[in-house]
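Have a look at the structure below and keep it open while you read. We'll go through a few spots one at a time.

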Amino acid sequence: QVEVVESGGGSVQAGASLRLSCAASGGTFSSIAMAWFRQTPAKEREFVSVINSRSGTIYYADSVKGRFTISRDSANKTMYLQMNSLKPEDTAVYYCAAGYVYSSYYYDLARERNYNYWGQGIQVTVSS
């Protein structure tokens, strides 16, 4: 059983930066894929980024590529999402997800249903 808890959200102006954290407990951190998804009231939950601890594979959604950076700290079992040049369209509830995804393919790592463990979500609001 893996538990994940997000922190670091908030409200910022467009162009600012935020860093989200996701602390994991339980499970085998070195074997877990950890991802960020986000959701707005008007849209379904969408993939943002993933880091697969097992293979080191990293992927980003096209909408955040070049602005967001995902990383992990194995010693502290924490994943981070550094979000720079934030835009109003980045406004959403961001969810941390973890799962034992034994694949390096984007399709598998970006697939919501492959993640069994989810955080409660954290709000990020970007105003123009």
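In this predicted model, the backbone oxygen of Val 101 sits 3.4 Å from a polar atom in the side chain of Asn 52. Where is Asn 52 in the chain? It belongs to strand 5, which covers residues 46-52. Asn 52 has a relative accessible area of 2%, so it counts as buried, the cut-off being under 20%. Leaving aside residues up to four places away in sequence, Asn 52 touches Ile 32, Ala 33, Thr 57, Val 101, Ser 103 and Leu 109.

Now for the disulfide. A search of the whole structure turns up one, and it joins Cys 22 to Cys 96, with the sulfur atoms 1.9 Å apart. This pair ties together distant parts of the chain, 74 residues apart. The link is left-handed, with -70° about the S-S bond. Here are the two partners:

| Cysteine | Strand | Relative accessible area |
|---|---|---|
| Cys 22 | strand 3 (residues 18-25) | 0%, buried |
| Cys 96 | strand 9 (residues 92-99) | 0%, buried |

What about the sheet? Four strands make an open sheet in the order 1-3-8-7, with antiparallel pairing. Strand 1 (3-7) and strand 7 (68-73) are at the edges; each has a single partner strand, so one side of each has no neighbour in the sheet. From one strand to the next, the twist averages 15°.

Let's zoom in on one of those edges. Strand 7 runs antiparallel to strand 8 (residues 78-83), and six bridges join the two. Which residue is the bridge partner of Ser 71 in strand 8? That's Tyr 80.

Terms used. Residues are numbered from 1 along each chain as its sequence is written. This is a predicted model: local features need pLDDT of at least 70, side-chain atom pairs count only at pLDDT 80 or more; totals for chains, interfaces and linings use all residues. Side-chain values use heavy atoms; hydrogens and water are left out. Buried means under 20% relative accessible area, exposed over 50%, partly exposed in between (1.4 Å probe, protein chains only). A polar contact is a pair of N or O atoms within 3.5 Å; within protein, one must be able to donate a hydrogen and the other to accept it, and residues adjacent in sequence count only if both atoms are side-chain atoms. Contact means heavy atoms within 4.5 Å. Two strands pair if DSSP finds at least two bridges between them. Axes are lines fitted to C-alpha atoms, for helices over the stretch in contact, and angles run from 0 to 180 degrees between N-to-C directions. A disulfide is a pair of cysteine sulfur atoms within 2.5 Å.
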